[in-house]
Protein chains: 2
Amino acid sequence: MKYSSLATPSILVDVDRVELNCERMLSRARSLGVRLRPHMKTHKCIEIGRLQVGAESGPITVSTLAEARHFANHGFSDIVLAVPIAPCRVAEALDLGVALLVDSPEAVAAVESEVGAGGVDVWLKVDCGYGRAGVVPGTPGAVSMARQLHDSARLRFRGVLTHGGHSYDCVGVEQIRAVAAQERDVVVGFAEALRGLGMAVDEVSVGSTPTMMHVDHLEGVTEIRPGNYALFDGFQAAIGSCHRDDVAVSVLTSVIGAYADRLILDVGALALSKDPGPTHVDPDCGFGRLLDDSGEAISDLRLTGLSQEHGKAYGTGASRFRVGDKLRVEPNHSCLTMACFSDVHAIRGDDVVGVFEPVRGWAGG
Amino acid sequence: MKYSSLATPSILVDVDRVELNCERMLSRARSLGVRLRPHMKTHKCIEIGRLQVGAESGPITVSTLAEARHFANHGFSDIVLAVPIAPCRVAEALDLGVALLVDSPEAVAAVESEVGAGGVDVWLKVDCGYGRAGVVPGTPGAVSMARQLHDSARLRFRGVLTHGGHSYDCVGVEQIRAVAAQERDVVVGFAEALRGLGMAVDEVSVGSTPTMMHVDHLEGVTEIRPGNYALFDGFQAAIGSCHRDDVAVSVLTSVIGAYADRLILDVGALALSKDPGPTHVDPDCGFGRLLDDSGEAISDLRLTGLSQEHGKAYGTGASRFRVGDKLRVEPNHSCLTMACFSDVHAIRGDDVVGVFEPVRGWAGG
């Protein structure tokens with residue numbers, strides 16, 4: 001079946017591109033001398049996770065317990081939940097045997113009170129400058145949290161972990177490389193400082209897709225956790241994390257209205273997400289880049305309006321299209337757009353070669 | 001079970017409030033002398049749809065064929081798909097027996113070529129000033145489209161239908177009422193003009209939640225199609241469509257990080273959507289209003305950052321909370337937030353009284 005025959009809206013993943021993206025990151029990890037523990041949150045599909053680890057299973061990162069359970073059910077056993085654990089979900093997480101992130105005394109207390117004799121792997125979440133979660137190296141609280149994990153009888157302190165999410169604010173490779181150096185240097189330095197205080201810190205984990213695509217070296221780091229690179233998206237291409245031709249995901253849409261100044265498409269906020277995209281690079285980027293049948297960008301139409309089930313694309317190009325024509329949208333943010341769909345169509349060239357089923361939500365098991 | 005014991009993130013629907021909201025709109029429709037054909041797209045739940053029609057089934061509006069199929073499977077038979085039909089989905093729509101919206105010769109041709117001897121109900125989509133889909137009254141194209149539908153041997157022309165979606169740009173009841181008058185007058189006037197040209201126009205359908213909450217009269221209109229009012233949300237409250245106490249939906253969240261300047265919550269873009277909210281009323285509204293245990297607004301924290309699974313709430317209030325505390329978020333846009341969850345927890349007061357399962361996606365059947 002040709003993907004152009006699919007009902008709209010449908011999401012398409014170009015498997016040839018995914019394979020290239022995954023091979024490139026595996027190769028980068030090898031040459032940088034680190035373990036690759038790829039993140040599954042972008043796609044939540046077993047098939048793509050296997051391409052990322054280059055095997056039937058391997059070390060992975062997840063963002064929800066639903067992902068952890070899904071991958072565990074398919075043979076993955078070395079799983080890090082890379083969001084600080086909510087105390088109300090500790091018991092479930094322990095049942096699943098995933099490694100946990102903590103950075104607060106309350107979370108430590110919750111884990112210690114529920115963990116059995118088998119113990120649990122824990123990582124200390126470190127803020128390398130992103131300003132989301134994590135202890136800040138150099139502060140007394142950071143050292144005391146590390147000490148608490150290190151000295152705990154029931155927790156196995158694996159090491160320190162950070163995420164240079166501020167790489168998404170960059171424009172161009174040079175800026176990304178500077179954030180990558182900061183991400184690495186802050187957490188490697190912190191690990192060294194803890195070792196200087198007598199603590200064993202076996203592991204140092206870093207990673208975002210932009211920083212791992214461009215970092216120059218990873219001395220002192222033991223593993224990396226990028227995820228988005230399997231698919232990439234318009235945002236990554238705009239900031240210089242990848243080339244346009246690396247983007248492996250798009251949404252097939254029908255023109256359902258053709259007017260003098262605009263097209264109406266059958267993709268709205270529920271099919272694309274309302275991610276505003278790389279507005280710091282292009283304030284007029286709209287809600288995704290329009291591509292024609294052959295994958296060429298349509299430069300004279302901008303998808304600047306989204307309601308629940310309608311997309312509005314304005315521009316002089318509107319006159320070239322008719323109701324019923326099919327276009328594709330390269331999403332701003334593949335992680336949010338993939339989560340809109342229950343069935344993901346795997347394509348090679350023009351052909352549909354399979355259907356992937358992502359896990360979704362946060363439900364307990 | 002108390003809702004405060006639920007795992008986070010979970011979505012909560014206050015059924016007492018939904019009942020009041022639904023009764024009020026049923027009562028408004030009666031006093032305005034029109035049929036209520038409520039929209040299901042906000043919640044996509046059978047249980048809430050039944051409260052909206054005030055019976056086991058009744059006339060409804062849907063935004064996808066998946067919704068149409070779900071409600072048809074639960075006894076609803078009078079269904080209008082209120083998005084212009086994509087030609088590639090005409091056969092499915094005809095199988096389901098839903099009434100269709102058209103406003104282009106291409107869509108008419110697709111329907112005429114596939115419809116059987118039983119025919120199909122069609123509505124002409126009219127643009128009353130919103131500028132999304134629909135023919136523009138007063139233009140030659142509008143009359144010729146109506147004529148094409150009216151004269152078709154296989155299509156049953158039901159009437160004209162519009163949606164005053166620009167009511168969402170309003171601030172306050174007076175502005176909403178002006179859009180409501182425009183929504184009504186444009187389409188009633190167009191129906192009259194078509195009748196003057198010898199066409200039978202039995203039905204005139206209008207509606208958005210803001211306009212139907214505040215319109216002063218509906219002379220010439222036969223049915224209304226609001227939907228969001230069953231739940232409302234932060235946006236509707238901000239523009240004056242409802243009171244804060246009418247909002248029936250919230251997302252339960254845990255504090256997973258507590259820092260000097262901010263809280264990190266376990267609700268990100270996948271649990272709330274990235275809807276920017278009523279920025280024209282409050283540019284700093286953030287991604288949802290934070291509520292405490294008792295439903296009171298937390299005025300000294302703003303949820304201004306969202307990544308995939310993290311929410312960042314900044315403000316002086318951060319110091320009052322600890323990791324593990326549970327809060328609620330009143331979403332900006334209930335339609336998009338409901339679509340993030342597979343299970344919806346129905347609550348009355350503090351108690352969970354049931355679980356609703358919304359349909360999702362666009363899959364064929």
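**A two-chain predicted model, question by question**

Helix α3 of chain B (residues 65-72) is mostly covered, with six of its eight residues buried. Buried here means that 20 or more other C-beta atoms lie within 10 Å of a residue's own; 12 or fewer makes it exposed, and in between it is partly exposed, with C-beta atoms placed from the backbone. Helices (H or I, at least four residues) and strands (E, at least two) are DSSP runs, numbered from the N terminus.

This is a predicted model, where local features need pLDDT of at least 70, side-chain atom pairs count only at pLDDT 80 or more, and totals for chains, interfaces and linings use all residues. Residues are numbered from 1 along each chain as its sequence is written, while chains are lettered from A and ligands numbered from 1 in the order in which they are written.

User: Which elements of chain B cover the buried residues of α3(B)?

Analyst: Let's start with what is being covered: Leu65(B), Glu67(B), Ala68(B), Arg69(B), His70(B) and Phe71(B) are the buried ones. Contact means that the C-beta atoms of two residues, placed from the backbone, lie within 7 Å. The cover includes α2 (46-53), β3 (60-62), β4 (79-81) and α4 (90-96) of chain B.

User: Why is strand β10 of chain A largely enclosed by the rest of the structure?

Analyst: Take the strand's residues, 249-258, and ask how many are buried. β10(A) is largely enclosed because the buried ones number nine of the 10.

User: What is the bridge partner of Leu252(A) in β15(A)?

Analyst: Two strands pair if DSSP finds at least two bridges between them. β10(A) and β15(A) (residues 326-330) run antiparallel and are joined by four bridges. In that pairing, Leu252(A) is matched with Arg328(A).

User: Which residue in β11(A) stands opposite Gly257(A)?

Analyst: Strand β11(A) (residues 262-265) pairs with β10(A) in the antiparallel sense over three bridges. A hairpin of three residues links the two. Opposite Gly257(A) you'll find Ile264(A).

User: Is His345(A) buried or partly exposed?

Analyst: His345(A) sits in strand β16 of chain A, residues 344-348. Beyond its neighbours within four places in sequence, its contacts include Ile11(A), Val13(A) and Val352(A). It has 18 C-beta neighbours inside 10 Å, so it counts as partly exposed.

User: What relation do chains A and B have?

Analyst: Copies are superposed by least squares on the C-alpha atoms of residues with pLDDT of at least 70 in both. Chain B lands on chain A with an RMSD of 0.0 Å after a turn of 180° and a shift of 0.0 Å along the axis. That is the relation of a two-fold axis.

User: Which element gives the largest share of the side of chain B that touches chain A?

Analyst: The contact takes 50 residues from chain B and 50 residues from chain A. On the chain B side, α5 (105-114), β10 (249-258), α10 (269-272) and α11 (334-338) each supply at least two residues. The largest share, four residues, comes from β10(B).

User: In chain A, which element gives the largest share of the side of domain 1 that touches domain 2?

Analyst: Domain bounds come from an automatic or database domain assignment, which gives domain 1 (3-11 + 242-356) and domain 2 (15-229) in chain A. Their contact takes 14 residues from domain 1 and 15 residues from domain 2. On the domain 1 side, α11 (334-338), β16 and β17 (351-356) of chain A give two or more residues. The largest share, four residues, comes from β16(A).
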